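Visitor: I am new to reading structures. Please take me through one part of this one, the surroundings of the ligands, and then show me what lies next to them.

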Amino acid sequence: MEFKASLMDEKAIERALIRISHEIVEKNKGVKDLVLVGIKRRGVPLAQRIMENIEKFEGEAIPVTSVDITLYRDDLQEDYEVPQIKDSRIDVPIRNKKVILVDDVLYTGRTVRAALDAVTANGRPQSIQLAVLIDRGHRELPIRADYVGKNVPTSREELIKVQLMEVDGRNAVDIYLREGER
Ligand SMILES: O=P(O)(O)OC[C@H]1O[C@H](OP(=O)(O)OP(=O)(O)O)[C@H](O)[C@@H]1O
Ligand SMILES: O=c1cc[nH]c(=O)[nH]1
């Protein structure tokens, strides 16, 4: 992978998450019935940070939980990976709640589609919204985000790498060119 450019530093990530946190409270007219669901792995610390921001502004904590969506190799098509639910148990009640799914990158939309299945397997929420740090385009399904940290027009040969302190030891968003695509 060849490094191309830095898209966001620690401060830019923090500002984007603060804005998203405000937008969530504004759109939902408060924090009542909100549940944040981070998509593993990097959606989980992002959901946690959004919860901490909202708690700071509103003085009220909202539940945070996670779903585990993992890429599996398609048995019939060797080079094709399909996101599947690894563990669909959600450990907070979501029936009649306003669920906010959180992930780092939105690309084809397949991970989010699997996450929607995982959430609805646990009960019928009042609504499901989506927050992502980066929307890089190239959707293959009719899925869009309600809250976006940064829209980044990309080519398919590029790769967006989000790094978060809790997982990677640093906070940064960088863009790379995939091996052999130059
Ligand atoms: O819209 P999609 O095409 O589904 O792509 C987006 C997903 O891809 C990335 O996960 P990845 O599979 O790279 O795993 P990671 O988060 O563990 O690195 C990212 O974290 C999103 O979950
Ligand atoms: O560029 C991409 C595409 C999917 N997932 C990522 O994390 N980056």
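Guide: Start with ligand 1. The strand β5 (98-106) and the helix α3 (110-120) each supply at least two residues of the shell around ligand 1. Keep in mind that this is a predicted model. The largest share of that shell comes from β5, with four residues. In total, 14 residues surround ligand 1. The closest are Val-105, Tyr-107, Thr-108, Arg-110 and Thr-111. Sort the shell around ligand 1 by class, and you get six nonpolar, three polar and five charged residues.

Now turn to ligand 2. Val-105 and Tyr-107 appear here again, among the residues that surround ligand 2. Arg-136, Leu-159 and Ile-160 complete the list. By class, this shell has four nonpolar residues, one charged residue and no polar ones.

Next, follow Leu-159 and Ile-160 from ligand 2 to the strand β8, which spans 158-163. This strand belongs to an open sheet of three strands, in the order β1-β9-β8. The pairing is antiparallel. In general, strands of a sheet pair through backbone hydrogen bonds, either parallel or antiparallel. Here β8 is an edge strand, and so is β1 (2-8): each pairs on one side only. From one strand to the next, the twist averages 25 degrees.

Last, look at the partner of β8. Strand β9 covers residues 172-177, and six bridges join β8 and β9 in the antiparallel sense. For one spot to find on screen, go to Lys-161: opposite it stands Asp-174 in β9.

Key:
Residues numbered from 1 in each chain as written. Chains lettered and ligands numbered in written order. Predicted model: local features only at pLDDT ≥ 70, side-chain atom pairs only at ≥ 80, totals over all residues. Pairing = 2+ DSSP bridges. Axes fitted to C-alpha atoms, helices over the stretch in contact; angles between N-to-C directions. Near = placed C-beta within 6 Å. Nonpolar A, V, L, I, M, F, W, Y, C, P; charged D, E, K, R; others polar.
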